[in-house]
Structure formats: structure tokens, C-alpha cells
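Biologist: Could you pick one part of this model and walk me through it closely? I'd like a picture I can follow on screen.

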Amino acid sequence: MVLYEYPFNEGIRTMLRLEHLFGRLEMLVARDDAVDHHFALVTLFEIMDVASRADLKSDVLKELERHRNQLQSYRGHPGVSEKALDEVIDRIDHTHGALNQVSGKAGQALTTNEWLMSIRSRISIPAGTCEFDLPAYFAWQQHPATARRADLGKWIASLVPLAQALQLLLRLLRDAGVPHRVVAKGGQYQQSLPQGKTYQLLRVRIDPNCGLVPEITGHRLMVSVRLMRPDADGRLRPATEETALDLALCA
């Protein structure tokens, strides 16, 4: 099953974008080719751009505190494992403490590195990092992969607490949604949402053998999934067949 996720607010949208970038960064850093480490730096700068929102760090810290308080309320509840509860709360406390110790915005410490910032200023220019433009960067790309990876690890270190906090928050959010099977009749599915409950994320799973792409829209009152089929040129056309989906609403 192919998973599609749809955020209901800007905060979750930002978290998902950063999760995507951190996942790409981890994959690129693990490789050995200089071109992979070049795009690891591209991704690092993208993370700095997305995470530069002034209130992102405080929003993440508040979300961690909110989850902690909610979980604390489950103490003594029948059917709740105190051991499992303690493990989750301890992880939240550890993640909160690590992020809280990072001074300033995410990646702010890297802005004082003139060498990195010289690369950042040219990396969005087509072929702007050629050896005749940035000879020092070209020389760095000739270093052994282990040396380049060590440098990347040093630069990424200040962003690790944010990555871990986002990973934990999104896992808690996704675990809150229970998937259920629905049927899109005529290629469309709509569901009204109960008033008084705020959902943050919609997760839709679809069988890849169907060859369909879901177009998802949603707000606080309703979610809608329209199934589309790409034609030979890649353009999406509405599908009309009845199709089963797995859908989960996460609050």
C-alpha cells in the first residue's frame, strides 16, 4: 500500500516538510560520492530555510509539553501500562531538554561559518559551485568520503535535537489515528468531521496496483479524496471506478 498524508494546518505541514528533508539528508550523508555530499549540503540549507521560522522551536517545545501533560493524565487509568507510559514520558522529557538547550533558531550556529555561507549563497545558482567559482569547496569535494562525512556530521549536529523532536511528535500523532477501510464510489470519497474535535493529519493508503493517485482536500468540517488516473502523458484524469482505501484521521 502506498501512503499519502495530508496536513490540516501549517504547523503539521512544516513538520512533514522537515521530516522529508531530514530523511533525505540521512540517506545522502551515508553515501560516499562527492555529488551525494553536495546534495546533502543542498538539503542542509533547505532545512535551515524551512526551520528559520521564528516560532518553530517554541511551537515544537509547546507540543512536547502538551503531549507530556496529556500522557500524565493517563496515570492510574485501567488498561494503561505504567512502564510503557514512563518510557514515552521519559523520551519526551529527554527530547524536550535536548531541543531546549539549542540556542537560537534551528541552524543558527551554522550561519557564523563563512565557508558554509559562501557555498549557500551560490548553491541555488545553476552551476554556481563550479571549481573556478568556489575552489575551496571543490577541494573539499576531493577529500575522502569519511572526512567529508565527518564534516557533515559536525554541521548537522546542531539540527539533530530538532529532527528527533519532530520524529517523536509525528510518531505520537500518527499512532493516534486508527485506519479503517472505506470505499470511493465513482472515484470519490467524502467524510464529514465531528464538530468539537480538531484533526491534524489525514493518512490515506491505496493499493499501487490500482494505478491511481489521490487528490486530497480537507478542513475542519470535511475531508474529500478524489482518485485520479495518469494518462500516457502523465496528466491526471478523474477515475470513475469503485476503489477501496484505508483512511486514518489523526487528532
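Modeller: Happy to; let's look at empty space inside the model, and at one cavity in particular. This is a predicted model, where local features need pLDDT of at least 70 and side-chain atom pairs count only at pLDDT 80 or more, while totals for chains, interfaces and linings use all residues. Residues are numbered from 1 along each chain as its sequence is written, and side-chain values use heavy atoms, with hydrogens and water left out.

The structure holds 2 cavities of 30 Å³ or more. A cavity here is a set of points on a 1 Å grid over the protein atoms alone where a 1.4 Å probe fits but cannot get out. The largest has a volume of about 80 Å³, counted as the space filled by probe spheres set on points joined across faces, edges and corners.

Our focus is the second largest, at about 50 Å³. Its lining (residues with an atom within 4 Å of a point) consists of Ile 12, Met 15, Glu 63, His 67, Leu 169, Leu 170, Leu 173 and Gln 200. Three helices (DSSP runs of H or I, at least four residues, numbered from the N terminus) each supply at least two of these residues: α1 (10–29), α3 (56–72) and α8 (160–175). The biggest share comes from α8, with 3 residues.

By class, this lining has 5 nonpolar, 2 polar and 1 charged residues. Nonpolar covers Ala, Val, Leu, Ile, Met, Phe, Trp, Tyr, Cys and Pro; charged covers Asp, Glu, Lys and Arg; the others, Gly among them, are polar.

How values were computed. On a 1 Å grid over the protein atoms alone, a cavity is a set of points where a 1.4 Å probe fits but cannot get out, and a pocket is an open set with protein on both sides within 12 Å along at least five of seven lines; lining residues have an atom within 4 Å of a point. Helices (H or I, at least four residues) and strands (E, at least two) are DSSP runs, numbered from the N terminus.
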